[in-house]
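User: I'm new to this one and would like a guided look. Can you take me through it step by step?

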Amino acid sequence: MSDTSQPHSDSADAPAAERRRLRVAVIGAGPAGIYASDLLINNQDHDVQVDLFEKMPAPFGLIRYGVAPDHPRIKGIVKSLHRVLDKEGIRLIANVEIGKDITLDELQDYYDAVVISTGATKDRDFDLPGADAEGVHGAAEFVGFYDGNPLFERDWDLSAKNVAVIGVGNVGLDASRILAKSAEELHVTEIPDNVYEALKRNQAEKIHVFGRRGPAQTKFTPQELKELDHSENVHVIVDPEDIDYDEASETARANAKATDQVCQILEGYAMRDEDPSKRTLQIHLFESPVEVLTNDGKVVGLRTERTELDGTGQVRGTGTTTDWPVEAIYTAIGYRSDVLPGLPFDDQLGVIPNDGGHVLANAGGEAITGVYVTGWIKRGPIGLIGNTKSDAKQTTDMLFADVAKLSTPEHSDPDAILALLESRDVTVTTWDGWYRLDEAERAAGEAEGRERKKFVEWDEMVDAATAQ
Ligand code: NAP
């Protein structure tokens, strides 16, 4: 950041004409960044212009590259995000990677403040013996593949007949549902051709989903758990032995309707027999993974230890182990945020250290003036998309409270940043570009009687977005 910048005393009491426009860079055009941008430009006391930076050639982050293709209800959130990006006051500058095309330090020469909302796209480490064997996949990698993220694999080995998914949260549900559904069922969605072709080769017969605690401790949401059973080709079962509650579990059920609903749905699945005409998806509870069994570097099984509740909602091992013959294992044990070059990172929490909004030099340290965080990079990868709104409010309130302390940036001309990127041969894709890419993807889908077919190649996306 420039040392020549002067502090200014912009105040909400100053007449609008005397107030200078605040220029804020928001980094990451997913829900978190878009909600923050909306709050910034809608503020009654300050005149704010947002430049919304995005690494990918298209906006919408987690909605485009995290939400499963067969979840149109959640994908539908894109409509409200679209309305925000249509607003004057927000300029999308996509296909630009902070830390590569421009550093965070450089960016601060162009903006009064920077808000980081880069989310979490990686898998949390899974460090069991054997976890590096061929056939062990992070769910985030699989999501990147089936959601057509150009940064992820184009092909996927789906030859395993027996598959284990570790983790009883919604990502575990997404991964197991995509593994269990037929390629034809998924073809009506926006999946690209390479994903459809790989899914056609899917050999899965039985999918085992493992949770190390009990029904009341699963992280599923009721609607998603119920939807799991809506496919004609998938049969969801639970062993009745896996339904158990301790005092803490009963309290959790009494205190939270959603927890009780999840328990009831699991109890319903536990009353069924297997149906050999369908792919079986069995949710196992009280089974804690202890080892990946391998042969010649490849997965041949998963060993789990039976657990039991200890009264507090936690579990202890019973010493009884089971070996499950599986040829592939997906770990859905939580996401991990990406490190942003130029900023501190709390490895343990997987977040940029912050006090609820300001970025801190280190955990518990001094605030870095003018740099803020929101979304999963701020609080960790938990919570639904709607939770990001309150998060963005807390962050933007802190930013506005700091206005008098913010330094005036060296470059005030909004075109200066575009000139800098152009001088570095960076091809920027814009909001108008998204309209073009959107139209091209819809046209590709319509040709096959589908609503959309996603473009998966980076260049194809940029070409469509920049077409004249
Ligand atoms: P999550 O909800 O935190 O679930 C992670 C699961 O992994 C938990 O069951 C956890 O068990 C288990 N786990 C963690 N470490 C483990 C280990 N070493 N061995 C065995 N199990 C382990 O995370 P998520 O599924 O990644 O979801 C992230 C967020 O995105 C959540 O808020 C989720 O609701 C949201 N999401 C929503 C949707 C949707 O369709 N609405 C879809 C995807 C994601 P313990 O509880 O015992 O630690």
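Here is a short round of questions and answers on this predicted model.

User: Let's start with the record. Which residues does UniProt list under "binding site"?
Analyst: This comes from an unreviewed UniProt entry. The feature "binding site" is placed there at Arg-212, Arg-213, Glu-224 and Gly-383.

User: Is Arg-213 buried or exposed?
Analyst: Arg-213 sits in the loop between β8 (206-210) and α10 (222-227). Around it, 20 other C-beta atoms lie within 10 Å. A residue needs 20 or more of these to count that way, so Arg-213 is buried.

User: And how does Gly-383 count?
Analyst: Gly-383 is in a loop as well, the one between α13 (376-379) and α14 (387-401). It has 13 C-beta neighbours inside 10 Å. Exposed would take 12 or fewer and buried 20 or more, so Gly-383 counts as partly exposed.

User: How far apart are the end C-alpha atoms of residues 23-203?
Analyst: The unreviewed UniProt entry annotates that stretch as "domain: FAD/NAD(P)-binding". Over residues 23-203 the chain is 36% helix and 18% strand. The C-alpha atoms at its ends are separated by 53 Å.

User: Now helix α17: what does it pack against with its buried residues?
Analyst: Helix α17 runs over residues 458-466, and its buried residues are Met-461, Val-462, Ala-464 and Ala-465. Those four cover an arc of only 165° around the axis, so they lie on the same side of α17. In general, an α-helix has 3.6 residues a turn, so residues three or four places apart point the same way. The partner that the buried residues of α17 pack against is α16 (431-446).

User: What is the phi of Phe-60?
Analyst: Most residues other than glycine have a negative phi. Phe-60 is not a glycine, yet its phi is positive. Its place is the loop between β2 (48-54) and α2 (61-65), and with 23 C-beta neighbours inside 10 Å it counts as buried. As for the phi of Phe-60, that is about 90°.

User: Asp-425 also has a positive phi. Is Asp-425 buried or exposed?
Analyst: Asp-425 is not a glycine either, and its phi is about 60°. It is found in the loop between α15 (414-423) and α16. Just 7 other C-beta atoms lie within 10 Å, and the cut-off is 12 or fewer, so Asp-425 is exposed.

Conventions
Residues are numbered from 1 along each chain as its sequence is written. This is a predicted model: local features need pLDDT of at least 70, side-chain atom pairs count only at pLDDT 80 or more; totals for chains, interfaces and linings use all residues. UniProt positions are given in the numbering used here, feature names are shortened, and annotations may be inferred rather than shown by experiment. Helices (H or I, at least four residues) and strands (E, at least two) are DSSP runs, numbered from the N terminus. The arc is that of the directions from the helix axis to the C-beta atoms. Two residues are in contact if their C-beta atoms, placed from the backbone, lie within 7 Å.
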